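Take a walk through this fold, strand by strand. The route starts with strand pairing, moves to the core and ends with single residues.

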Amino acid sequence: VPNAVPGVLQAQIGDIVTWGNATTETHQPWPTQGNTPTGGPASPADPVLFFSDPIAPNESSNPQFVVPDALTTPPSTLKAGSVLYYCCKNHPTSSTERGQIVIF
């Protein structure tokens, strides 16, 4: 995305999101506890926020993540301005392995 802020993706409900892994380690985007910017990996994660299986080095995410219109835990509707925070499940303390999907 041209002129994008690192770690911030703007998306609409129904958009398909994928991640690419250009490193030598396996990574897995995972929702954070309480959907907070500094939270650790949620356990259990809201099933509608299953972003991806583990992503091997030099591979892309699978399955693709479709931005939902609502969360089930706790029940809430997503709308413009809603934010979905995630971290790497394998490296949750890394400040560089965090991101957010901002609904517009």
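E1 and E8 pair in the parallel sense over four bridges. Two strands count as paired if DSSP finds at least two bridges between them. Strands themselves (E, at least two residues) and helices (H or I, at least four) are DSSP runs, numbered from the N terminus. Within the E1–E8 pair, alanine 11 has isoleucine 103 of E8 as its bridge partner.

This is a predicted model, in which local features need pLDDT of at least 70 and side-chain atom pairs count only at pLDDT 80 or more, while totals for chains, interfaces and linings use all residues. Residues are numbered from 1 along each chain as its sequence is written, and side-chain values use heavy atoms, with hydrogens and water left out.

E8 also pairs with E7. Here the sense is antiparallel, over five bridges. Leucine 84 stands opposite isoleucine 101 in this pairing. E7 has another antiparallel partner in E3, joined to E7 by three bridges. There, proline 31 has tyrosine 86 of E7 as its bridge partner.

How many residues of E7 are buried? Six of the six are, so E7 is largely enclosed by the rest of the structure. Buried means under 20% relative accessible area, exposed means over 50%, and partly exposed lies in between (1.4 Å probe, protein chains only). Val83, Tyr85 and Cys87 point one way from E7. Leu84, Tyr86 and Cys88 point the other way.

Now the wider view. The protein has zero helices and eight strands. From the N terminus on, its elements run β-β-β-β-β-β-β-β. The C-alpha atoms fill a box of roughly 35 × 30 × 25 Å along the principal axes. The radius of gyration is 13 Å, which agrees with the value near 13 Å for a compact globule of 104 residues. That radius is taken over C-alpha atoms, and the globule rule is 2.2 Å times the number of residues to the power 0.38.

Of the 104 residues, 35% count as buried. The protein exposes about 6,100 Å², and carbon and sulfur atoms supply 55% of that area. Accessible areas come from the Shrake-Rupley method with a 1.4 Å probe; for residues, only the protein chains shown count as cover. Contact means heavy atoms within 4.5 Å. Among contacts with a separation of 6 or more, 61% join residues 24 or more positions apart.

Next, the interior. The largest nonpolar core holds 14 residues. Such a core is a set of buried Ala, Val, Leu, Ile, Met, Phe, Trp, Tyr and Cys residues joined through side-chain atoms within 4.5 Å. Which residues touch the most other members? They are Trp19, Phe51, Phe65, Leu84 and Ile101. Strands E7 (83-88) and E8 (98-103) are the elements that give two or more residues to this core. Beyond its neighbours within four places in sequence, isoleucine 101 is in contact with residues including Leu9, Trp19, Phe51, Phe65 and Leu84.

Several single residues fill in the picture. Glutamine 10 lies in strand E1 (residues 8-11). Is glutamine 10 buried or exposed? At 56% relative accessibility, it counts as exposed. Setting aside residues up to four places away in sequence, glutamine 10 touches Val102 and Phe104.

Turn to the loop between E2 and E3. Histidine 27 lies in this loop, and so does glutamine 28. Histidine 27 is buried, with a relative accessible area of 14%. Glutamine 28 is buried too, at 7%. The side chain of histidine 27 makes a polar contact with the side chain of threonine 23 at 2.9 Å. A polar contact is a pair of N or O atoms within 3.5 Å; within protein, one must be able to donate a hydrogen and the other to accept it, and residues adjacent in sequence count only if both atoms are side-chain atoms. The side chain of glutamine 28 reaches the backbone oxygen of serine 52 at 2.7 Å. Glutamine 28 and proline 54 are 26 residues apart along the chain, yet their C-alpha atoms are separated by 4.6 Å.

Last comes threonine 32, in the loop between strand E3 (29-31) and strand E4 (65-66). At 4% relative accessibility, threonine 32 counts as buried. Leaving out residues up to four places away in sequence, threonine 32 touches Gly39, Gly40, Ala42, Tyr85, Tyr86, Cys87 and Arg98.
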